[in-house]
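This briefing covers how two parts of one protein chain meet. Keep the structure open while reading.

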Amino acid sequence: MPASAELAVYASCPIASRGRRFPEPDAPTRSVFQRDRDRIIHSTAFRRLVYKTQVFLNHEGDLFRTRLTHSLEVAQLGRSIARTLRLNEDLVEAVALAHDLGHTPFGHAGQDAWNAAMKRAGPASSDSEVGWGFEHNIQSLRVVDELEERYPAFDGLNLTFETREGILKHCSRSNALRLKQRDTSGVADRFLSGGSPSLEAQLCNLADEIAYNAHDIDDGVRSGLLTLEQLAEVPLFQYYVDQALRSHPGLRARRLLFESIRLMLSDQVYDVIATSHQRIQDSGVASAEEVRTCSSPLVSFSEEMARQSQALKSFLLHNLYRHPQVMETTERAARVVSELFDSYLQHPTEWPQGGPPGRHPARAAADYIAGMTDRFAIREHQRLGGAVLFR
Ligand code: MG
């Protein structure tokens, strides 16, 4: 399939965008999706990603992925696939760079502690500001819709529907109903009525999975928590180790690891391209709007690759994400977030967001903490009298 600069009929076309929440004149030289991407790169939340944990805490080593480098890798993989499928690369890049903006400090440890603290703050049904709980996809949307303060005329970045649709990767039914009440754009409608997001959004989803599976192997081995011998139990990965050794007998250690990951990444990209191209053709979709009526994603792995990828994910869950050393850090991180939350609620004068009018204090505290970098959260926790849990 030849790559072409021309967009496919099923791609998201910038001039057919459903538009922004607050209408703005077009930029003279950039499409609406280029402009979204640029707004994301210039946002404060984007710069914070460099000091937010992906799996390993930022200060545990200079070469581990952070949320920022992870997002860049998702954008690279996404754009590369988008170009071959003739999807809109700019939209893919915008969604990929924004997809993790709402992550709390300390990765999932922060998220779980944050959610528990929100539940303590009040029953889900009692206050619409608190009842949202925590879903990092919704928080990413909150960042670009409400929390960034850059423009005179509106809160947030005023991104297009298509970029916001891609950022809202998952959403519970109860939160989709809440979103529907306060936002007429229909960004969460597919979680109520079925349907799919754009192909570009679907692609970012899969590029995210491809990226973290690959880089978590790399970071896992670099950290010493995983070994190549352990990874031999993952058929997908061992296949590429064998392939690398056949081409380069005697290849050792880091270069063998890199070469195996490189071969796996390439094959996964080719698999997504071939499978998705076929599924799109078979579906007969002839526009981006028709894509939204499909009940299941058209951008996907082949069945076999999906199975293999699932086995790799499961290996990483049991051997890396639940490794005692990671879990121990996770527990300390959860304590920082949880104690920070309680501190801010008990001492509203101790923090700048303590008294904004019209906002539930628990929601304001949660938004403030979610925006923190790991090291700022650690510093704040100690400033407020918390035990020294990280050095
Ligand atoms: Mg991600």
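Across the interface of domain 1 and domain 2, 8 residue pairs are in polar contact, both partners at pLDDT 80 or more. The model is predicted. Salt bridges between domain 1 and domain 2 number 4.

**The domain 1 side**
- Three helices each give two or more residues to the side of domain 1 that touches domain 2: H3 (67–85), H4 (89–98) and H7 (161–167).
- Helix H3 supplies the largest share of that side, with 9 residues.
- By class, the residues on this side of domain 1 split into 18 nonpolar, 7 polar and 5 charged.

**Charged pairing**
- Asp-208 and Lys-169 form a salt bridge.
- The closest N and O atoms of Asp-208 and Lys-169 are 2.8 Å apart.

**Extent of the interface**
- Contacts link 30 residues of domain 1 with 35 residues of domain 2.
- Together, domain 1 and domain 2 bury about 2,800 Å² between them.
- Carbon and sulfur atoms account for 71% of that buried area.

**Domain layout**
- The domain assignment builds domain 1 from three segments of the protein chain, 4–11, 31–192 and 330–383.
- Domain 2 is assigned to residues 199–324.
- The C-alpha centres of domain 1 and domain 2 are 25 Å apart.

Note on methods
Residues numbered from 1 in each chain as written. Predicted model: local features only at pLDDT ≥ 70, side-chain atom pairs only at ≥ 80, totals over all residues. Heavy atoms only, no water. Domains from an automatic or database assignment. Contact = heavy atoms within 4.5 Å. Buried area = accessible area lost by both parts, 1.4 Å probe. Salt bridge = Lys/Arg side-chain N within 4 Å of Asp/Glu carboxyl O. Polar contact = N/O pair within 3.5 Å; in protein donor to acceptor, adjacent residues only side chain to side chain. Helix = DSSP H or I, 4+ residues; strand = E, 2+ residues; numbered from the N terminus. Nonpolar A, V, L, I, M, F, W, Y, C, P; charged D, E, K, R; others polar.
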